[in-house]
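Q: Please take a close look at the packed interior of this one for me. I'd like one connected walk through it, in plain bench language.

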Amino acid sequence: MEPLTINLPSPEATGDLARRLARAARPGDAILLSGVLGAGKSVFSRAFLRAACGDPEMEVPSPTFTLVQAYDAPVAPVAHFDLWRLDGPGGLHELGWDDACEGIVLVEWPDRLGALTPVEALRIELLVTGEEARSARIAGWEDRPVWAELAAWRVA
């Protein structure tokens, strides 16, 4: 199926997309976020994690230096990986990748996963389209109800 493209005119719209997807996430899911620096991956991740954990005020530090942060969400544990500093999948097992995949994994810079990239992952590419505006190219989860919701919400 062809990816959906959704216009995100503001960081708030990016957060809205993340919250919609957090409601649809379930154990075993992988959400892969790609895009250039400043494309909104951190904005998306913070909104996703706050929604998944049911805490809109929760502090969500970037895992840029720790590489992974774990969260206890009601539906499943969520592991937020930022692979910017990795040059490949070699160190992922030491970071708890295998155990994390039993819950939900949210991955920034998924190109570093190599052969460990989950086949059934939801792939989101964030593109800069203006000073605050972004667009999201989304592929995966076409068989879930959230896909129809996103297609109806889609602006682009």
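A: First, a word on labels: helices (H or I, at least four residues) and strands (E, at least two) are DSSP runs, numbered from the N terminus. Keep in mind too that this is a predicted model.

Start with the largest nonpolar core, which has 35 residues. Leu17, Leu21, Ile31, Phe44, Phe48, Ile124 and Ile138 have the most contacts inside this core. Plenty of elements chip in: at least two core residues apiece come from strands E1 (4–8), E2 (30–34), E5 (104–108), E6 (122–128) and E7 (134–139), and from helices H1 (11–24), H2 (41–53) and H4 (145–153). H2 gives the largest share, six residues. As a general matter, nonpolar side chains in soluble globular proteins tend to be buried together.

Now zoom in on Ile124. If you skip the neighbours within four places in sequence, Ile124 touches Leu21, Ile31, Leu32, Leu33, Ser34, Phe44, Ala136, Arg137 and Ile138. Apart from the largest core there is another one, of 15 residues, with Ala79, Phe81, Trp109 and Ala121 among them.

Back to two of the helices that feed the largest core, H1 and H4. Their axes come within 10 Å and cross at roughly 160°. Angles over 145 degrees count as roughly antiparallel, so that is how H1 and H4 run relative to each other. Their crossing is right-handed. On the H1 side, the contact uses Ala13, Asp16, Leu17, Arg20, Leu21, Arg23 and Ala24, while H4 brings Val146, Glu149, Leu150 and Trp153. Sorted by type, the residues of this contact are seven nonpolar, no polar and four charged. Leu17 and Leu21, then, turn up in this contact as well as in the list of residues with the most contacts inside the core.

Two tryptophans deserve a look as well. Most residues other than glycine have a negative phi, yet Trp109 has a positive one, near 65°, and Trp141 has a positive one too, near 60°. Trp109 sits in the loop between E5 and E6, and Trp141 in the loop between E7 and H4. Buried means under 20% relative accessible area, so Trp109, with 13%, counts as buried, and so does Trp141, with 4%.

For contrast, try Asp98 in helix H3 (residues 97–100): at 44% relative accessibility, Asp98 counts as partly exposed.

Terms used. Residues numbered from 1 in each chain as written. Predicted model: local features only at pLDDT ≥ 70, side-chain atom pairs only at ≥ 80, totals over all residues. Heavy atoms only, no water. Core = buried A, V, L, I, M, F, W, Y, C linked by side-chain atoms within 4.5 Å. Buried < 20%, exposed > 50% of the residue type's maximum accessible area, 1.4 Å probe, protein only. Contact = heavy atoms within 4.5 Å. Axes fitted to C-alpha atoms, helices over the stretch in contact; angles between N-to-C directions. Parallel < 35°, antiparallel > 145°, perpendicular 65-115°, else oblique. Left-handed = near helix turned anticlockwise from the far one by under 90°. Nonpolar A, V, L, I, M, F, W, Y, C, P; charged D, E, K, R; others polar.
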